[in-house]
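Reader: Before we discuss any labels, could you show me the model and then explain how each term is justified?

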Amino acid sequence: MNRLFVAYKKVEMSSNAFLSSLKKRYKVKKAGYSGTLDPFAQGVLIIAFGQFTKLFRFLKKSPKIYRATFWFGVHSLSFDNKNIQSVVKLPIFDLDELEKIKEELLGEITFTPPQFSAKRIQGKRAYEFAKKGEIISLKKCKMQIFYCKILHYMHPFLNLELCVSEGAYIRSYCEIFAQKLGVDATLSALERVQEGNFSYEDEKDLNVLEYLDLKENFLKDVSKLENGDKIELEELEFQEEGSYYIQNKNFFCIIDIKDNKVKYILNKVKKC
């Protein structure tokens, strides 16, 4: 079964466990997802079955939209609602001050990923070290904040909607926001609402071609698409190195051009 759709992960479930539940429900063996959500978070996961699991790197998945709740006065080692070390009662902040910080944090931000993250270090995930109490050095990263809206403030909780680039860490954004206030804060809730044009619509099948971040190429003899035959470079309209999709009325394929050779990434897939 080749299928692409958006599912909605609930809280207190890992992304891997959620994927396993989908595989069981739909009775499929080969499945994958894009963009891990932490167990404490909920929201959209892009799911692919069958050959479509090869397509994640070609999908338009940015920008991403999140809704987050900051909990002021809380020190957590993981900057979420786990591993809480202390809770301090703080005076109410002026909303204008919160708005000012929100505006200051628009654009590109340099940050250090949380110790409790899926970043790979020495072949392991960073959270594997963090769970053992080992502090490791993580390289600084950059994320883009396209917009931020304050949705509601009821002290000590601040609800925000954030539109960010791929690779952004909302927990790190929360840390930076709190540092500007001179306090501790953590996330008490996080929801991913959208990834690029992907949003939750009751797990309906999606037309892959509408979501590919690829240029269309054209084949002189489109019958080769029907038969799945080998494609030579000189048969293509565009011959520069890169990945492309080719389609006709019934089928599509995805190819990669490198070193003057054409390689199928996805071959003879029936169109939706």
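Author: A residue is called buried when its relative accessible area is under 20%, exposed when that value is over 50%, and partly exposed in between. The model to which these terms are applied here is a predicted one.

Reader: Why is Lys61 called buried?

Author: Lys61 has a relative accessible area of 10%, and buried means under 20%, so the term applies to Lys61.

Reader: What makes the pairing of Lys61 with Glu166 a salt bridge?

Author: The side chains of Lys61 and Glu166 meet with N and O 3.5 Å apart, and because the definition asks for a Lys or Arg nitrogen within 4 Å of a carboxyl oxygen of Asp or Glu, the pair qualifies as a salt bridge. Lys61 belongs to the loop between β3 (42-49) and β4 (64-72), while Glu166 belongs to the loop between β11 (157-164) and α4 (170-181), so the pair ties together parts that are 105 residues apart in sequence.

Reader: Why does Glu166 count as partly exposed?

Author: The relative accessibility of Glu166 is 40%, and because partly exposed covers the range between 20% and 50%, that is the term for Glu166.

Reader: How do you know that Lys180 forms a salt bridge with Glu104?

Author: The closest N and O atoms of Lys180 and Glu104 are 3.5 Å apart, and the cut-off is within 4 Å, so this pair also meets the definition. Lys180 lies in helix α4 and Glu104 in helix α2 (residues 95-104), so the salt bridge ties together parts that are 76 residues apart in sequence. Lys180 is partly exposed at 43% relative accessible area, and Glu104 is partly exposed at 42%.

Reader: How many salt bridges does a search of the whole structure find?

Author: The search finds 15 salt bridges, including the one in which the side chains of Lys204 and Glu201 meet at 3.4 Å, N to O. Salt bridges also link Lys64, Arg192 and Glu195 in a network.

Reader: What makes a set of residues such as the one including Phe70 and Phe177 a nonpolar core?

Author: The term requires buried residues of the nonpolar kinds, Phe among them, joined through side-chain atoms within 4.5 Å. The largest such core has 47 residues, and Phe70 and Phe177 are among those that touch the most other members. The element that gives the most to this core is α4, with seven residues. A second, separate core of 23 residues includes Val44, Phe58, Val208 and Leu209.

Methods. Residues numbered from 1 in each chain as written. Predicted model: local features only at pLDDT ≥ 70, side-chain atom pairs only at ≥ 80, totals over all residues. Heavy atoms only, no water. Helix = DSSP H or I, 4+ residues; strand = E, 2+ residues; numbered from the N terminus. Buried < 20%, exposed > 50% of the residue type's maximum accessible area, 1.4 Å probe, protein only.
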